[in-house]
Structure formats: C-alpha cells, structure tokens
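Biologist: I'm new to reading structures, and I'd like a close look at one part. Could you walk me through the parallel sheet and then show me what else is worth a look around it?

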Amino acid sequence: MDGEVDTLDDVFDQFLNNNRFFKDRDVLRHDYIPHKLPHREEQIRHLGLIVAPLLKTERGSNVFIYGKPGTGKTAVMKYVINRLVQKAKEFGAPVKAVYVNCRLAGTEYRIFTNLCAAVDIIVPFTGLATGEVFDRFKKGLEDKRVSFVVVLDELDELIKSRGNVLLYELTRINEALRNSKVSIIGISNDLRFKELLEPRVLSTLSEEEIVFKPYNASELQDILWERAELALCSGVLLKGAVGLCAALAAAEHGDARRALDLLRVAGEVAERENAKVITENHIREAERRIEHDRVIDALANLTLHSKFVLYSVYLLGKIKIYSAITGDIYEVYSEVCEEIGVSPLTQRRVSGLISELDSIGLLSSRVISRGRYGRTKKISLAIPRSPLSEVYSNDGHLGQVTSFIPTCLKAKLGKTKN
DNA sequence: CGTCCACAGGAATGACGGGCGG
DNA sequence: CCGCCCGTCATTCCTGTGGACG
C-alpha cells in the first residue's frame with residue numbers, strides 16, 4: 001500500500017520537476033516562429049522590401065519563393081507577414097493576409113474556401129461550383145477595401161494535380177478590383193516548378209523571386225543552439241548531440257525541421273529515461289522513433305484499398321530476393337480482398353493507388369522494362385517492415401487474415417524469380 | 001531488326017453524396 | 001421538396017513504349 005502511494009508520488013513529482021529538461025517544449029516544434037532566424041537575414045530583408053509598399057496601400061509585387069523542405073521558407077514568410085500586419089495595425093493601413101497550404105487544402109475549391117474565410121465569407125464545404133466560390137471571394141474582397149496578401153504554400157502540389165486555372169484567375173483578380181488589391185506569395189519545394197507554369201501565369205506571379213538554399217551542418221548547429229537556449233534548461237544538451245543532430249539533418253537536404261524534431265524527441269526520450277543530459281544515443285533513438293511514428297500515422301490515414309495494396313506488397317516482400325511488380329501485387333491484392341469479403345478494384349485503379357502510395361513515400365516504385373516480358377513497375381516498401389507487422393496484427397480488417405497466405409504467393413515461395 | 005509482352009498512364013464516362021436556388 | 005450542378009472516386013477503353021527474344 002505504502003509502496004503504491006510512493007510510486008505515484010514519484011511519478012507526479014517527476015512530472016512536476018520536469019523542468020529539468022524543457023523550459024518550453026513548443027519552441028522546438030516546427031510551427032513555432034522564433035524571433036530570430038539565423039542565416040536568413042537576407043531573405044527576411046528581401047521579402048520585407050517586397051511587401052513594404054502595402055503599408056502605403058500600394059500594391060506589392062507578387063513573389064515566388066523556392067527552396068527544399070525545412071529551409072525556412074514558411075518560417076521566414078510567416079515572420080515577415082506577422083510583422084507586416086502588426087505594423088499595418090500601428091499605422092492604420094488596411095492590410096490583411098491569409099496563409100493556405102495547398103497540399104493540405106487539396107483542391108482548388110478548398111483553397112478558395114480558405115480565402116473566403118479570411119475575408120469573413122462563409123461558404124459551404126462542398127456543393128458550390130468552384131467559380132462561384134471565387135466570385136464570392138472577389139465580391140467580399142471588394143467590399144472590404146483591403147490590401148490582401150495571399151500566401152500559397154506548397155503550390156507545386158496543386159499545379160501538379162490540378163493545373164494552372166486557379167493561379168491564372170488569381171493573378172488576374174486585380175484587374176477586376178477597384179477598392180482592394182491582392183498580392184500573391186507562392187511557395188514551392190520543387191525547384192523545377194517554374195516549368196509547369198504557363199508563361200502568362202509565370203510572368204505575373206514571379207515578379208520577384210527568393211531562393212532558399214539548404215542549411216549546411218554548421219548553420220543547422222546555430223539554429224539548434226538558438227532554439228535550445230529557449231527550449232531547454234542550460235547544461236542538458238551535449239555538444240556532440242547537437243553535432244550529430246545537425247549532421248543527420250544536413251544529410252537529409254539540410255532540413256531544419258528535421259533537426260528540430262530530432263532534438264525535441266531526443267529530449268523527450270532522455271527525460272523519460274531519467275537521464276541527466278541529452279546524448280548522441282538519444283538522438284539516434286529519436287531518429288528511430290520519428291520514423292516509426294511517421295509510418296504509423298501514414299498508415300492510419302490510408303483508405304481501405306490502399307491499405308490492402310500496401311499489405312500485398314508487404315506479403316510479397318516475404319519472398320527473399322524478390323521485388324514486386326504491378327501484376328503480382330494485383331494478384332495478391334485480389335486474393336486478400338476475396339478473403340476479407342470486399343470486391344477488388346480494377347487493376348487500373350490499383351495502379352493509381354500504387355502511385356499514390358509512392359508519392360506519400362510508403363512505397364518506392366520505378367518503371368522498368370523487361371523486354372520481351374513487358375513493361376511494368378518495380379515496387380518495394382519504402383519503410384521498415386517492423387512497424388507494419390505491428391499495425392497489421394491490430395488492424396480491424398487485416399488482423400483477421402494475418403495467417404492467410406494467398407495461393408499465388410505460395411506458388412512463388414517455392415520458385416526463385418529475378 | 002522487327003515483334004510483342006505487360007503493363008503505364010491519359011481521357012471519357014458513370015455512380016454517389018452533397019449544397020444550391022426556387 | 002425538386003432538379004441541377006459540383007467534386008471525388010472508380011471503371012472502361014484506350015494508346016504508347018523499352019527492350020529481350022526470335
């Protein structure tokens with residue numbers, strides 16, 4: 001009895017005294033916008049110059065921002081926009097801004113819905129024609145009499161799947177507006193993005209361009225120390241750990257987001273272990289956990305059939321020295337569907353699902369030609385197997401069939417195929 | 001050197017759930 | 001409530017193709 005009370009006491013006390021590690025955990029989250037962005041002074045200045053005219057109710061240039069993930073595009077942009085809006089408030093300039101992540105929004109329709117919300121127009125989440133939503137946005141904007149900054153993050157994703165229409169409409173909107181103005185800030189991860197744009201859109205959109213280069217390891221270290229000072233108690237972070245953290249992230253195209261994630265999770269691991277300091281081992285453990293969580297998360301959001309397709313690749317992966325091709329996956333997939341009692345989709349659709357899984361990063365696929373034996377796609381898992389088997393055994397559908405082995409798979413198990 | 005495999009991946013079309021205006 | 005139009009997902013039909021085999 002006493003022991004039990006003491007145990008709990010320990011747990012609670014430990015939690016309350018947790019400030020041994022974190023002063024402010026949120027500082028290490030990547031959506032946190034710091035007051036200082038090391039090695040980005042130039043970009044901040046540049047973007048500042050571009051949006052400054054809005055304070056005098058002149059139209060700012062449209063800007064195009066390029067850079068790989070985790071190079072500080074979003075942070076710099078949000079930082080500058082926040083300051084702009086703040087300054088505008090001081091001077092009574094009518095400046096408003098919206099931020100939309102095109103990939104998260106998904107469709108043109110939902111992007112316009114977001115834009116409408118920013119000018120206090122409520123539109124239904126479905127049912128209207130896209131053009132109708134756009135018109136309402138235009139109308140609302142005109143009534144507001146503001147300088148409106150539209151930030152479109154991950155714009156490349158939208159263009160790749162939907163084309164230029166939205167951007168074209170948006171770049172032309174100023175022609176129709178008398179009382180309000182729109183400035184567009186487009187952000188893209190893909191450096192070749194320009195090639196996808198129609199010339200007429202490109203010329204209006206990229207009046208200005210800002211490029212964000214990846215951080216190198218030493219710049220990443222600066223960022224980590226900067227944030228660690230705010231987020232962590234002094235003395236808990238070892239130099240070696242920061243070095244490793246920066247090195248791992250630098251290897252992954254200089255991704256600062258990655259570096260911060262690593263550090264935060266490493267801190268949590270160390271905290272739970274009751275360690276005194278954050279070491280290189282904690283960083284490595286963090287690397288494993290982040291990957292693990294990413295996979296679990298991605299899997300949880302898959303549709304039924306995507307899940308089955310992935311499972312089929314997983315099953316085929318049980319055969320050594322074998323990488324799956326579309327046809328085999330479809331065979332296995334069909335049998336899995338049969339076993340569970342769901343009617344399978346067509347091969348065309350499954351092929352599409354494979355491409356989707358590829359772009360999420362769960363599968364990696366590559367078109368190959370086997371000459372006489374046709375042209376197909378070579379497909380393998382892009383993620384470790386262990387989290388998968390864990391998820392599958394707990395899955396509502398697949399949990400029941402874990403012992404089921406498709407007959408076409410049995411046939412292959414014996415043979416050795418390329 | 002041509003053939004022909006086993007698909008890739010584009011286009012058109014349909015089924016479905018949902019909001020709109022009347 | 002209805003008829004209409006929308007976006008999304010899936011199907012059907014289609015043309016295109018890299019390269020081993022004969």
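Modeller: Here is a walk through that sheet, followed by some single residues and a second sheet.

Keep in mind that this is a predicted model. The parallel sheet is an open one, built from five strands in the order β2-β3-β4-β1-β5. Look at the two ends of that order: β2 (95–101) and β5 (208–212) are the edge strands, and each has a single partner strand, so one side of each has no neighbour in the sheet. Going from one strand to the next, the average turn is 15 degrees, if you ignore direction.

Now zoom in on one of the pairings. Strand β1, residues 63–67, runs parallel to β5, and five bridges join the two. If you want a spot to put your finger on, try Y66, which stands opposite V211 in β5. There's a helix to add to this picture as well: α3 (residues 73–91) packs on the sheet and touches β1, β2, β3 (147–153), β4 (181–188) and β5. The direction of α3 makes about 160 degrees with that of β2.

Stay with Y66 for a moment, since its ring has a partner. Searching the whole structure turns up six aromatic pairs. One of them is F64 with Y66, a tilted pair with 5.0 Å from centre to centre and 55 degrees between the planes. Are these two buried or exposed? The cut-off for buried is under 20% relative accessible area. F64 has a value of 1%, so F64 is buried. Y66 comes in at 5%, so Y66 counts as buried too. Elsewhere, ring pairs tie Y311, Y314 and Y392 into a cluster.

Next, follow the chain into the loops on either side of β3. Most residues other than glycine have a negative phi. With that in mind, check R145, in the loop between α6 (130–144) and β3. R145 is not a glycine, yet its phi is positive, near 55 degrees. E154 is another such case: its phi is positive at about 50 degrees, although E154 is not a glycine. You'll find E154 in the loop between β3 and α7 (155–162). What about their surroundings? R145 has 53% relative accessibility, so R145 counts as exposed, while E154, at 11%, counts as buried.

Another glutamate to look at is E219, which sits in helix α11 (residues 217–231). E219 is buried but has no salt bridge. The nearest side chain of opposite charge belongs to R40, and R40 is 5.5 Å away. A salt bridge here would need a side-chain nitrogen of Lys or Arg within 4 Å of a carboxyl oxygen, so R40 doesn't make one with E219. Leaving out residues up to four places away in sequence, E219 touches H39 and P214.

Finally, there's a second sheet to set beside the parallel one. This open sheet has three strands in the order β6-β8-β7, and the pairing is antiparallel. Its edge strands are β6 (324–325) and β7 (363–369), each of which pairs on one side only. Between β7 and β8 (residues 375–381), which run antiparallel, there are seven bridges. For a spot to find on screen, take S364, whose bridge partner in β8 is S380.

Definitions and conventions
Residues numbered from 1 in each chain as written. Chains lettered and ligands numbered in written order. Predicted model: local features only at pLDDT ≥ 70, side-chain atom pairs only at ≥ 80, totals over all residues. Heavy atoms only, no water. Helix = DSSP H or I, 4+ residues; strand = E, 2+ residues; numbered from the N terminus. Buried < 20%, exposed > 50% of the residue type's maximum accessible area, 1.4 Å probe, protein only. Lys, Arg positive; Asp, Glu negative; His and termini not counted. Contact = heavy atoms within 4.5 Å. Pairing = 2+ DSSP bridges. Axes fitted to C-alpha atoms, helices over the stretch in contact; angles between N-to-C directions. Phe/Tyr/Trp six-rings, centres within 6.5 Å; stacked < 30°, edge-to-face > 60°.
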